[in-house]
Amino acid sequence: MADQWKRTALLVIDMQRDFIDEHSVFAVPGASTIIPSVSTAVEIARNRGLFIIWVVREHDGEGRDVERFRRHYYGNGKPNPLVKGSKGAELVQGLEIKEGEYKLVKTRFSAFFNTNLRSLLQGAGITDLVVCGVQTPNCIRQTVFDAVALDYHSITLLYDATAAATPKVHHDNITDMVNVGVEVKRVDEWGESDSEA
């Protein structure tokens, strides 16, 4: 059991103010409702000794490293969401990175795209992933599908610790992930799990 958790990492994706605050141009409606579940998942992971990776977006103030379709939000006098060092790029209140945990910065949907995530996981001996955060059809889905393509042994998505713009979008994307072998659990189910990641 303890060996299993040593091979498992929790990816907490994009739980930042600009994705949660309803006044942000990048806000995910209803995302604030998953904060307690994400917090519980993090505590379970800490108690089990999992490697916790906080995946965040941080962008240049001019938007030079942002997807083309979002560049109109950046520049002088514009909202400039998720700019490195800004309040909006911070984790939401109630979540914090603790010593021994890792902050991974990305600029695209997938946590694997143009980052060191794969080599970081390999170096730590990680074969199994647990995923939570926002939002289901974008960063969650693309990270999960990349993990599937990279042959991680097991990938667990925490259903009530992920969110999308609507319940239907959330459910439909989770159905797609289940169809490629991703296991879906509620946080409480995962917390009671004795032998699976």
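Of the 197 residues in this chain, 49% are buried. Keep in mind that you're looking at a predicted model, so every number here is computed from predicted coordinates. On the outside, the chain exposes about 9400 Å², and carbon and sulfur atoms supply 48% of that.

Now for the overall layout. There are seven helices and six strands, and starting from the N terminus they come in the order α-β-α-α-β-β-α-β-α-β-α-β-α. With all of that folded up, the radius of gyration is 16 Å, close to the 16 Å the globule rule gives for 197 residues, so the chain is as compact as a globular protein of that length. Along the principal axes, the C-alpha atoms fill a box of roughly 55 × 35 × 30 Å. Contacts tell you how the chain folds back on itself: among those with a separation of 6 or more, 76% are between residues 24 or more positions apart.

If you check the UniProt record, an unreviewed entry, you'll find residues 8-186 listed as "domain: Isochorismatase-like". That stretch is 28% helix and 21% strand, and its end C-alpha atoms sit 17 Å apart.

Let's zoom in on the start of that stretch. Strand β1 covers 8-13 and helix α2 covers 17-20, and D14 lies in the loop between them. Is D14 buried or exposed? Its relative accessible area is 0%, and because buried means under 20%, D14 counts as buried. Leaving out residues up to four places away in sequence, D14 touches F19, V55, V56, R57, K106, V134 and C139.

Next, move along to helix α3, which runs over residues 35-48. From first C-alpha to last, this 14-residue helix reaches 20 Å, close to the 20 Å expected at 1.5 Å a residue. Which of its residues are buried? They are I35, S37, V38, A41, V42, I44, A45 and R48. Just after α3 comes G49, with a positive phi of about 80°.

Finally, have a look at helix α5, residues 136-149, where you'll find T143. T143 is buried too, with a relative accessible area of 1%. What does T143 touch, once residues up to four places away in sequence are set aside? Its partners are L11, I13, F109, S110, A111 and F112. Two of those names, L11 and I13, take you back to β1, which spans 8-13. D14, in the loop after that strand, reaches C139, and C139 falls within the 136-149 range of α5.

Notes
Residues are numbered from 1 along each chain as its sequence is written. This is a predicted model: local features need pLDDT of at least 70, side-chain atom pairs count only at pLDDT 80 or more; totals for chains, interfaces and linings use all residues. Side-chain values use heavy atoms; hydrogens and water are left out. Helices (H or I, at least four residues) and strands (E, at least two) are DSSP runs, numbered from the N terminus. The expected span of a helix is 1.5 Å times one less than its number of residues. Buried means under 20% relative accessible area, exposed over 50%, partly exposed in between (1.4 Å probe, protein chains only). UniProt positions are given in the numbering used here, feature names are shortened, and annotations may be inferred rather than shown by experiment. Contact means heavy atoms within 4.5 Å. The radius of gyration is taken over C-alpha atoms; the globule rule is 2.2 Å times the number of residues to the power 0.38. Accessible areas come from the Shrake-Rupley method with a 1.4 Å probe; for residues, only the protein chains shown count as cover.
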